[in-house]
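This report describes the fold of one protein chain, two of its helices, a pocket and a few single residues. Please keep the sequence and the structure in view while reading.

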Amino acid sequence: MSFETLNPHLESQIERVINEKDARSKISIIGSSSLLSIAYFIAFSHSRKLNQTPHLYVVPKDSDCAKLAHAIEFFEPNKSVYTLTEFDVSPYSGLYPSPHILRDRLLFLSRAQNAKPGEIFIASFLGLQQRTIPVDVLI
């Protein structure tokens, strides 16, 4: 079996939904049996409509972010993949997060704000809930 010619059936179903909905609608695919199947679908999607927008994937745990990012990069090394990492300390500990974690989070937010077509953003539930920097510092 050649991976270059394999075209997942899910891709044609998603394209049909895109054609039927108006341009402002969002599509959510919920649930999968493995991160590897998601990574395979992302890497081998040949649809122009699917590749014309950036994508955000939300996973349950921070470790799943890294697994999905590595799997996508395995299948398609040229894809731009950004992950939003969780803080490495509890918010109630009184300690500050690692400077590397803050740098990675700011890079993710910067790239997400200026997202280009085809870029992939991966975040965990907890990573999305945590505040990176107060708004008054940015203004």
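Helices, written α, are DSSP runs of H or I with at least four residues, strands, written β, are DSSP runs of E with at least two, and both are numbered from the N terminus. With those terms, glutamine 130 can be placed in the loop between α6 (125-129) and α7 (135-138); the model in which it sits is a predicted one.

## Overall architecture

The secondary structure of the protein chain comes to seven helices and three strands, and these elements follow one another along the sequence in the pattern α-α-α-β-α-β-α-β-α-α. Of the 139 residues in the protein chain, 30% are buried. When contacts in the protein chain between residues at least 6 apart in sequence are considered, 71% of them join residues at least 24 apart.

## Helix α4

Helix α4 takes in residues 62-75, which makes 14 residues, and from its first C-alpha to its last it reaches 21 Å, close to the 20 Å expected at 1.5 Å a residue. The buried residues in α4 are Asp64, Cys65, Leu68, Ala69, Ala71 and Ile72. They lie on the same side of α4 because the arc they cover around the axis is only 165 degrees. The cover over the buried residues of α4 includes α2 (35-43), β1 (55-59), β2 (81-84) and β3 (120-124), whereas the face turned away from the buried side carries the exposed residues Lys67, His70 and Phe74.

Alanine 71 gives a closer view of this helix, since it is found in α4 and is buried, with a relative accessible area of 13%. Leaving aside its neighbours within four places in sequence, alanine 71 is in contact with Leu36 and Ala39. Alanine 71 and alanine 43 are 28 residues apart along the chain, and their C-alpha atoms are separated by 9.1 Å.

## Helix α5

Helix α5 covers residues 99-113, a run of 15 residues that reaches 21 Å from its first C-alpha to its last, close to the 21 Å expected at 1.5 Å a residue. Ile101, Arg105 and Phe108 are buried in α5. Their arc around the axis is only 60 degrees, and therefore they are found on the same side of α5. The buried residues of α5 pack against β1, β2, β3 and α6, while Pro99, His100 and Gln113 are exposed residues carried on the face turned away from the buried side.

## Helix α6 and the loop that follows

Is glutamine 130, in the loop between α6 and α7, buried or exposed? Glutamine 130 has a relative accessible area of 16%, and it counts as buried because the cut-off is under 20%. Once its neighbours within four places in sequence are left aside, glutamine 130 is in contact with Glu86, Phe87 and Arg105, and Arg105 is itself one of the buried residues in α5. From glutamine 130 to threonine 85 the separation is 45 residues in sequence and 9.8 Å in space, C-alpha to C-alpha.

Glutamine 129, by contrast, is found in helix α6 and counts as exposed, at 61% relative accessibility. The C-alpha atoms of glutamine 129 and glutamate 86 are separated by 9.1 Å, although these residues are 43 residues apart along the chain. Isoleucine 133, which lies in the loop between α6 and α7, is partly exposed, with a relative accessible area of 29%. Isoleucine 133 is 31 residues from leucine 102 in sequence and 8.7 Å from it in space, C-alpha to C-alpha.

## The second largest pocket

The second largest pocket has a volume of about 320 Å³. It is lined by 15 residues, of which Phe87, Tyr96, Pro97, Arg131 and Thr132 are the closest to its centre. By class, ten of the lining residues are nonpolar, four are polar and one is charged. Among the residues closest to the centre, Phe87 also appears among the contacts of glutamine 130.

Key: Residues are numbered from 1 along each chain as its sequence is written. This is a predicted model: local features need pLDDT of at least 70, side-chain atom pairs count only at pLDDT 80 or more; totals for chains, interfaces and linings use all residues. Side-chain values use heavy atoms; hydrogens and water are left out. On a 1 Å grid over the protein atoms alone, a cavity is a set of points where a 1.4 Å probe fits but cannot get out, and a pocket is an open set with protein on both sides within 12 Å along at least five of seven lines; lining residues have an atom within 4 Å of a point. Grid points are joined across faces, edges and corners, and a volume is the space filled by probe spheres set on the points. Ala, Val, Leu, Ile, Met, Phe, Trp, Tyr, Cys and Pro count as nonpolar, Asp, Glu, Lys and Arg as charged, and the others, Gly among them, as polar. The expected span of a helix is 1.5 Å times one less than its number of residues. Buried means under 20% relative accessible area, exposed over 50%, partly exposed in between (1.4 Å probe, protein chains only). The arc is that of the directions from the helix axis to the C-beta atoms. Contact means heavy atoms within 4.5 Å.
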